[in-house]
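Biologist: I should like a close look at a single part of this model, namely its charged side chains. Please set out how they pair and where they lie.

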Amino acid sequence: MKKLVVVLLSLVLVFGLFGCSNDKTGTNDDKVIKVTATLDPHSKILEFAKGILADKGYDLQITVIDDYYVHNKALNSGEVDANYFQHLPFFEGEVAANGYDLLNVAGIHIEPFGFYSKTVTSLDELKDGAKVIISNSVADHGRILTILAKAGVITLADDVDALSATIEDIIDNPKHLEFVEIKPEILTVAYEQNQGDLVAINGNYAIQAGLNPTKDAVLLEQADATNPYVNIVACKKGNENSDKIQALVEVLKSDEVKQFILDTYSDGSVIPAE
């Protein structure tokens, strides 16, 4: 039910963004900062930052959207000033695929990626032919496969870039794992309904579903602030030096926000980027 509510909310918000395409007063107001984000942890971090920005004279307006593929479209069309939901490889893939005129302006945090299961409690228990459910976002595939390779479950070709690896780059799959791709926003549903032996879930969706990555994941990515999958703030090219984008970045990278992240996600499921 919680998932249904979030999805419905996303649809309403998306309609609000695109249904009012002629009203861009927020984006033209130097003291209003319109940002789209996914629910957790992005919108929670922004809600904390909102008070700090208010003290600086800015009105941060946050729109929560669950569908990854709406954010950059809304940003590129000028409906919002910035977004905060995606890691860098996803952003770069979106820009390349759609010709978006967008820019990465700051890395804010890392969310270690985890594999969850209602069937097994360790990788040793995986049976031959086990089903592994993964995101259909190609930008996530290299990350997912690299985690499995480091755990010794599969072997990737030596000359493959870890960021761009695909299923076709697997050269050894001793357990004959079957990879099934679904939309990232329904990964937690697949986990709850026990549709696969392993489900690779993006950090924000895991947290949103009440999962504790450090306790509940069968396999968790080892991550630190140098992780290439840093979650970023993006804006349109040409706006990166505007006062409000600079203010947004300054606050999100401030010691106060970093401490909020550390305190709120003390289990290590979210860590600040350097």
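Modeller: The account below takes the salt bridges in turn and then the negative surface patch.

This is a predicted model, in which local features need pLDDT of at least 70, side-chain atom pairs count only at pLDDT 80 or more, and totals for chains, interfaces and linings use all residues. Residues are numbered from 1 along each chain as its sequence is written, and side-chain values use heavy atoms, with hydrogens and water left out.

The structure holds four salt bridges (a side-chain nitrogen of Lys or Arg within 4 Å of a carboxyl oxygen of Asp or Glu). One of them joins Lys-244 to Asp-81, with the closest N and O atoms 3.1 Å apart. Lys-244 lies in helix α10 and Asp-81 in the loop between α4 (68-76) and β3 (82-87), so this pair ties together parts that are 163 residues apart in sequence. Helices (H or I, at least four residues) and strands (E, at least two) are DSSP runs, numbered from the N terminus. Lys-244 is buried, with a relative accessible area of 7%, and Asp-81 also counts as buried at 7%. Here buried means under 20% relative accessible area, exposed over 50%, and partly exposed in between (1.4 Å probe, protein chains only).

The setting of Lys-244 is helix α10 (residues 243-252), which is largely enclosed by the rest of the structure because seven of its ten residues are buried. Among them are Ile-245, Leu-248 and Val-249.

Another salt bridge links the side chains of Glu-221 and Arg-143, at 2.7 Å from N to O. Glu-221 lies in the loop between β11 (219-220) and β12 (231-236) and Arg-143 in helix α6 (residues 138-150), so the pair ties together parts that are 78 residues apart in sequence. Both Glu-221 and Arg-143 are buried.

The salt bridge between Lys-44 and Asp-40, with closest N and O atoms 3.1 Å apart, lies within helix α3 (residues 39-55), its partners being four residues apart, about one turn of the helix. An α-helix has 3.6 residues a turn, so residues three or four places apart point the same way. Lys-44 counts as partly exposed at 42% relative accessibility, whereas Asp-40 counts as buried at 6%.

Finally, Asp-29, Asp-30, Asp-59 and Asp-243 form a negative surface patch (residues with over 30% relative accessible area and no salt bridge, like charges being joined within 9 Å). Asp-30 is found in the loop between α2 (25-28) and β1 (32-37), and is exposed, with a relative accessible area of 58%.

Technical notes. Patches are made of residues with over 30% relative accessible area and no salt bridge: like charges are joined within 9 Å, nonpolar side chains (Val, Leu, Ile, Met, Phe, Trp, Tyr) within 5 Å. Accessible areas come from the Shrake-Rupley method with a 1.4 Å probe; for residues, only the protein chains shown count as cover. Lys and Arg count as positive and Asp and Glu as negative; His and the chain ends are not counted. The place of a charge is taken as NZ of Lys, CZ of Arg, CG of Asp or CD of Glu.
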